[in-house]
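This report describes how two chains are arranged, how one residue is placed, and what lines the pockets. Please view the structure before reading on.

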Protein chains: 2
Amino acid sequence: MAVADTRVAESLADRISFDANGLVAAVAQQHDTGEVLMLAWMNRQSVVETLTTGRVTYWSRSRQALWRKGESSGHVQTLVELRLDCDGDALLLLVDQTGPACHTNRRSCFYRAARDGEFKEIAEPIA
Amino acid sequence: MAVADTRVAESLADRISFDANGLVAAVAQQHDTGEVLMLAWMNRQSVVETLTTGRVTYWSRSRQALWRKGESSGHVQTLVELRLDCDGDALLLLVDQTGPACHTNRRSCFYRAARDGEFKEIAEPIA
């Protein structure tokens, strides 16, 4: 996508209903394969930064800091399109993920599936 | 999927990290097309009910009650597979969605896309 200027990004962020902690849940999906990669959180600043840079930035609840995805690992997410749900309180990020999205080096964070009564690992680390 | 008995479902639910409100975020994805349909919330009871019945049940934060998806609309979600993320605090539900997932009668709740500086509706109601 074309990156937005700050004014436009702020105007888009105005449409999002952030929760009492100032956060919104964001689902990242690989734009071409449809694979759901991860679920993370964004605050207003991370939404604006994502829209103005074209690189996905989340809010780390554990570190209480902006989390520029891939900044240390190189496993960046390039934004393809940002979508908003009916209630305005969840985001779907269509992205182009470089390498693994998960900190375990798996492509997707959702690598455990309930099968035969237990959670089984269905994907291996790729990096 | 085969439905689980209550003991197995409870054991799977033990692996999930529910938040301070007893909830976990759940992303519903159409199992064959990959379309992300919605993001909603589950508590422990809704997870167990989903696994034991094979029909997706959420927790409605606004109504503070179990939300058996499609109970009134008929737009049920049949569970195909439940997946857990690396941190144990988000779920991916692969489902077979009957009709629209969204209360606006669109297939997906994520029907607004940030394009040309505004959110544009990219899907029409289908029912």
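## Residue classes

In the classes used here, Ala, Val, Leu, Ile, Met, Phe, Trp, Tyr, Cys and Pro count as nonpolar, Asp, Glu, Lys and Arg as charged, and the others, Gly among them, as polar. The model under discussion is predicted.

## Pockets

By these classes, the lining of the second largest pocket holds 12 nonpolar, 8 polar and 8 charged residues. This second largest pocket encloses about 620 Å³ of space. Its lining consists of 28 residues, and A:D87, B:M38, B:W67, B:K69 and B:H103 are the closest to its centre. Two or more lining residues come from each of β2 (36–43), β3 (57–60) and β4 (65–68) of chain B; β2(B) has the largest share, 4 residues.

The largest pocket has a volume of about 900 Å³. Its 37 lining residues include A:L39, A:A40, A:W41, A:R61 and B:D89, which lie nearest its centre. The lining divides into 20 nonpolar, 7 polar and 10 charged residues, and β2(A) gives the most, with 4 residues.

## Arrangement of the chains

A turn of 180° and a shift of 0.0 Å along the axis lay chain B on chain A with an RMSD of 0.0 Å. That is the relation of a two-fold axis. The same surface serves both copies, as 100% of the contact residues of chain B recur in chain A. Within chain B, B:G34 comes closest to the rotation axis, at 2.6 Å (C-alpha).

## The residue B:R106

B:R106 lies in the loop between β6 (90–97) and β7 (112–115) of chain B. B:R106 counts as buried because its relative accessibility is 10%, and buried means under 20%. Its side chain makes a polar contact of 3.1 Å with that of B:T104.

Definitions and conventions: Residues are numbered from 1 along each chain as its sequence is written. Chains are lettered from A and ligands numbered from 1 in the order in which they are written. This is a predicted model: local features need pLDDT of at least 70, side-chain atom pairs count only at pLDDT 80 or more; totals for chains, interfaces and linings use all residues. Side-chain values use heavy atoms; hydrogens and water are left out. Copies are superposed by least squares on the C-alpha atoms of residues with pLDDT of at least 70 in both. Contact means heavy atoms within 4.5 Å. Buried means under 20% relative accessible area, exposed over 50%, partly exposed in between (1.4 Å probe, protein chains only). A polar contact is a pair of N or O atoms within 3.5 Å; within protein, one must be able to donate a hydrogen and the other to accept it, and residues adjacent in sequence count only if both atoms are side-chain atoms. On a 1 Å grid over the protein atoms alone, a cavity is a set of points where a 1.4 Å probe fits but cannot get out, and a pocket is an open set with protein on both sides within 12 Å along at least five of seven lines; lining residues have an atom within 4 Å of a point. Grid points are joined across faces, edges and corners, and a volume is the space filled by probe spheres set on the points.
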